[in-house]
Amino acid sequence: MTRADSDGSVHSPVLREEAIAALAIRPDGLYVDGTFGRGGHASEIQRRLGPRGRLWLIDKDPEAIAEARARFGADPRCLIHHGSFAELRALAERHGALGSIDGLLLDLGVSSPQLDAAERGFSFMRDGPLDMRMDSSRGMTAAQWLNSADGEEIARVLREYGEERFARRIAQAIVAYRNQQGPLQTTGQLAELIAGAVPVRERHKHPATRSFQAIRIHLNGELEDLSRILEDACDLLAPRGRLAVISFHSLEDRLVKRFMRARSSTAQVPPELPVIPEQLKPKLRLVGRAVRPNAAEVAANPRARSAVLRVAERLP
Ligand SMILES: C[S@@+](CC[C@H](N)C(=O)[O-])C[C@H]1O[C@@H](n2cnc3c(N)ncnc32)[C@H](O)[C@@H]1O
């Protein structure tokens with residue numbers, strides 16, 4: 001099922017059946033959806049819970065949280081948290097639930113309603129204010145950052161988070177525009193400026209795609225938040241608890257893949273050690289291989305095309 005927002009924007013949950021199966025839901029377990037969005041995955045978890053089950057819903061976006069409150073707020077099994085999933089450790093400690101989470105789902109990145117609403121400033125396809133904050137109640141907007149950061153920093157962000165070959169040229173164009181014409185204000189201005197600065201064209205890809213992704217990742221601290229929750233994941237999960245992460249670009253997926261591999265192997269143990277010390281023992285077991293959407297899902301929902309689901313289980 002897809003859900004329509006009040007503005008008509010639809011979010012189709014990506015890899016929904018696969019992610020729900022990966023969580024191996026027990027009716028009386030505690031599950032966390034760290035990226036509620038429009039609740040496509042959360043409602044499937046809720047449906048599988050019995051009266052003693054619990055579901056925690058987290059999102060940075062006040063609009064997503066308003067939707068969570070409207071649809072899940074009356075269910076006593078649900079706890080709704082406005083903030084980052086990187087705060088989950090503190091939340092779990094507050095509720096005495098460290099080491100008790102049976103399933104943690106992260107469906108990373110932005111939702112369709114965020115991308116589709118011009119006023120959120122995420123899309124180079126829709127002209128709107130340069131915002132790009134997932135949490136529109138705090139933090140710096142893209143306009144504030146682009147109009148104040150120096151060229152070196154802008155180039156670094158575009159290179160690191162967008163893997164943009166022409167990062168320096170784009171950064172120079174941004175600084176020149178600021179100096180000559182005043183502050184950048186809209187996504188349309190930025191997209192046009194980038195298109196003018198990038199000398200080559202990739203097929204089926206707007207020249208601003210990488211830069212918009214990079215600015216969004218930087219402003220929202222996306223990789224920092226992901227690293228933080230991965231760092232905490234083994235302490236958060238109950239024995240046999242599952243971690244399921246859906247990534248949408250290679251930087252996220254690399255972090256998830258490396259983390260899961262490192263925590264599920266004894267590769268770092270020196271071979272001469274007769275007994276493996278507790279802190280070097282694997283904490284996770286990989287569950288299956290990386291899962292990608294099938295052709296039918298990609299045809300129905302082109303935004304699913306770059307999704308990768310990885311799953312691991314906490315060893316007892
Ligand atoms: C791809 S959407 C999730 C869609 C959701 N699974 C559904 O089916 O409706 C990603 C959501 O995660 C939120 N988000 C991204 N990073 C976050 C973070 N670090 N902490 C909390 N929420 C985050 C975004 O605001 C967005 O609403």
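**Ligand shell, nonpolar cores and helix 10**

In this predicted model, 23 residues surround the ligand. The closest are Pro13, Thr35, Gly37, Gly40 and Asp107. Two elements, helix 2 (40-48) and strand 4 (54-59), each supply at least two residues of this shell. The shell is mixed in class. Ten of its residues are polar, seven are nonpolar and six are charged.

Nonpolar packing was examined next. In soluble globular proteins, nonpolar side chains tend to be buried together. The largest nonpolar core has 49 residues. Within this core, Leu57, Leu104, Ala244 and Ile246 touch the most other members. The contacts of Leu57 were traced beyond its neighbours within four places in sequence. They are Asp33, Phe36, Ala42, Ala68, Phe72, Cys78 and Ile80. A second core, of 30 residues, is separate. Among its members are Ala171, Ala197, Val198 and Ala214.

Ala214 also belongs to the buried residues of helix 10. This helix spans residues 209-219. Ten of its eleven residues are buried, so helix 10 is largely enclosed by the rest of the structure. The buried set begins with Arg210, Ser211, Phe212 and Gln213. Ala214, Ile215, Arg216, Ile217, His218 and Leu219 complete the set.

Which helices do the buried residues of helix 10 pack against? The partners are helix 6 (142-146), helix 7 (151-162), helix 8 (167-181), helix 9 (187-197) and helix 11 (222-236). Gly221 follows helix 10. The phi of Gly221 is positive, near 55°.

Methods. Residues are numbered from 1 along each chain as its sequence is written. This is a predicted model: local features need pLDDT of at least 70, side-chain atom pairs count only at pLDDT 80 or more; totals for chains, interfaces and linings use all residues. A residue is buried if 20 or more other C-beta atoms lie within 10 Å of its own, exposed if 12 or fewer, and partly exposed in between; C-beta atoms are placed from the backbone. Helices (H or I, at least four residues) and strands (E, at least two) are DSSP runs, numbered from the N terminus. Two residues are in contact if their C-beta atoms, placed from the backbone, lie within 7 Å. A residue is near a molecule or strand if its C-beta atom, placed from the backbone, lies within 6 Å of it. Ala, Val, Leu, Ile, Met, Phe, Trp, Tyr, Cys and Pro count as nonpolar, Asp, Glu, Lys and Arg as charged, and the others, Gly among them, as polar. A nonpolar core is a set of buried Ala, Val, Leu, Ile, Met, Phe, Trp, Tyr and Cys residues joined through C-beta atoms within 7 Å.
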